[in-house]
Structures are given as structure tokens and as C-alpha cells.
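Please explain how the aromatic side chains and the cysteines of this protein are arranged, and how one of its helices is placed among its neighbours.

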Amino acid sequence: MKFSILMLTLLLGSAVQAADLDILLQQIKTDIAAKRLSTPAGNNALERIDAFRQAAPFDYRVLPLIYEWGDTYLQLANEAMDAGDVRRANGYLERVWQVASLTPGLEQAQARLDQLASGTQVATAPQPKKDSAAEAERQRRMAAAAEAERAKLERERQRRLEEAARQQQQEQQRALAERKQREEEERQRRLAAEKAAAEQRLAEQQAAQRAAAEQAKQAAAVAVVTETTKATAQPEQSAASDNTAEQTKLAEYPLDAAMIVDRNRDITDSLKPICQAILDNDASVVIHAAERADYRWLTVRFTLCLRRLDRTFRLRHSFAQVEEAAPHITLHPARSLPLVSQ
């Protein structure tokens, strides 16, 4: 990416320089057309030609304008010779010999000037003419060097364009590969998430099915116990008030003594069938425990268990202390007074 930016900067810089050179060439053409060849100072074709050569010494585009500049001076020299002004014509030709000695027609104009000046004190030939062959060879070499440099610059420009295109293509291929990789990673992530969600749903369904089956099993067991208890329960007559609970007992369920001692809250799972039987019969209960602290703890467990099944149900309970027998709970018909004397 850094290479691409550098190449773009170089190309933009070259484009700006080329635009400046194009403007300078157009100004040279305008100066020649207006015959501002060497004057006025600061606004003439010769100064702009020198500026162009300094900015782009191997840019061949200025050569035709140099010869056009020289041809314009030849026209002025011929006009001066037509008017008999040998001195002015000689000044024009001297400038052409110094700047553009290969201008077509220069030697013929010089020969005409020599003939006109043969009876005057003006020099028959300007000093630059003596070196005209060497100057011509120098300018030919400059033109050849400029053409070679132009070809070299063109090859370099093409190479840079090809390199920039290759870099751009590589960037596009890399971006495409990265996009495909991100898409594949996103696809794999979605597949993994969908698989995990499906497994979670399956696990929840299986857990719900097991819970439903367990509740149905417990409900069936409670129903059997309740019906059996109702069918077989035979109340006994007794005069003592403490025997009332035994006479009205609907069902009896054992309680886990070890869990009571350890205050193990997992006992709630074994209380669910008992709670369902309490609700089904709208029963009061008597909790038979060794200590009142055990009774209070069990009362809390049963209350929480019943609230999960029916939040409106109010548990009616009594305490009966047992010392040798295992802790248990008995269900009795609903009533407003305790079933056991406190």
C-alpha cells in the first residue's frame, strides 16, 4: 500500500510538472507569433526557451520551437536586407547562429548578407559562422540525446504504470482473499452457533420430558397412596383429645431423618409427592419429629414446596414429638384447630 501511495505521488508530481511545461511551450509559441523573440526583458521567447531547457533539458518538444524562433529571425533579417539595413540584418543572423545554427535557410541568408556587406565595414561573416559545423554537430547530438532520453523516460513511465497496475492487482487479490477468509470464518461461526443452539434445545426438551415423566410418576404414586388410604382407613373411637389426629389420618409418609439432621435442602425433591397429596386433599398435616427445631425447619420446607405448586394454598400444620419412632408426616382432613394438643 505504501508503494502504491508513493507511485501515485510521483505520478501526480510528474503530471503537475508536465502541465507547467505545456504552459511554457504555449507561451513560447505566443511570443514567437508576436515577434517577442529576444525583447522585452522578462517577456520574450528566448528567455522562456532557456527556462524550458533548464527545467527539462532532455524534452525534445522545444526543438521545433527553437527552429521556428530562428526562422522568424531569418524573416526579419531578409526584411532588413530588403530595406538595405545591413547592420540590423547582421544582428538578427548573429542571434540565430548563436541559438539555432541548424535553422533551414540560415546559410543562404548569411551568403546574401555577405554580398550586401562587401562594400561596407561590417564584418563579412559573424564569428559563430566559423563554428557552424561544430555547432550543427552539437545540436544534432543534443537532439539525438534528447530523443534517447525521451525514449528512456517513456520506458520508465510505462514501467512505473505497469508496476502500479501490478501492485493494484495484488492489492485487489489480497483484499479478495481476506474477504473470502472472513466470510468462511463467519460461516463456520454461524454453523457452530446453530449446532450449539440445537444441542441446547435438545437437552432442554429431554430434561423437560424427564421432569414431566417424574411428575407423572409421583402423581400416580400419590394418587394410589391416597386412594388406598381412604379405602382402608378406619377411624377408631377414643375419648382422649390427643387420639383425634390418629382417628382422622388420611395418609402417612416417612421423612429422611439424616437429611433433617443435616438440614439438607435437597429433601425438597422427596417432599413433592407429599405436597401434591396435601393439595389434592386440602389436608392439614401433623409433623412428627424429635425436636421442635426439626418441626420448624420442616414447616419451612413444606411451605416453600407448596408455594411452588399453588401460591394461594395456606398450610395448616401441628407438631407431635416422637422420641423413638422415625420422623414422619401424617395428612388429615382440613380443620381450623390443631389436630394435636400443644
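Rings of Phe, Tyr and Trp, the last represented by its six-membered ring, are taken to pair if their centres lie within 6.5 Å. On that basis W69, Y73 and Y92 form one aromatic cluster. The model discussed here is a predicted one, and every value below is computed from it.

The structure holds three aromatic pairs in total. In one of them, W69 and Y73 meet edge-to-face, with 4.8 Å from centre to centre and 85 degrees between the planes. That label applies because planes over 60 degrees apart count as edge-to-face. Both residues belong to helix α3, which covers residues 62-82, and they are four residues apart, about one turn of the helix. W69 and Y73 are each buried.

Another pair, formed by Y295 and F319, is tilted: the ring centres are 5.0 Å apart and the planes are at 40 degrees. This pair links distant parts of the chain, since Y295 lies in helix α11 and F319 in strand β3, 24 residues apart. Y295 is buried, as is F319.

Helix α11 itself deserves a closer look. How far apart are the end C-alpha atoms of helix α11, and what span should its 18 residues have? At 1.5 Å a residue, the 18 residues from 292 to 309 should span 26 Å, and the end C-alpha atoms are 26 Å apart, so the two values agree. The expected span is 1.5 Å times one less than the number of residues.

The buried residues of α11 are D294, Y295, W297, L298, T299, R301, F302, C305 and L306. These residues pack against two helices, α9 (257-262) and α10 (268-281), and against three strands, β2 (284-289), β3 (317-321) and β4 (328-332). Strand β3 is thus named twice in this account, because it also carries F319, the partner of Y295.

Helix α10 has a covalent connection to α11 as well. The structure holds one disulfide, and it joins C275 to C305 with an S to S distance of 2.5 Å. The disulfide links distant parts of the chain: C275 is in helix α10 and C305 in helix α11, 30 residues apart.

Are the two cysteines buried or exposed? A residue counts as buried when its relative accessible area is under 20%. C275 has a relative accessible area of 0% and is therefore buried. C305, at 3% relative accessibility, also counts as buried.

Note on methods:
Residues numbered from 1 in each chain as written. Predicted model: local features only at pLDDT ≥ 70, side-chain atom pairs only at ≥ 80, totals over all residues. Heavy atoms only, no water. Buried < 20%, exposed > 50% of the residue type's maximum accessible area, 1.4 Å probe, protein only. Contact = heavy atoms within 4.5 Å. Disulfide = S-S within 2.5 Å. Phe/Tyr/Trp six-rings, centres within 6.5 Å; stacked < 30°, edge-to-face > 60°.
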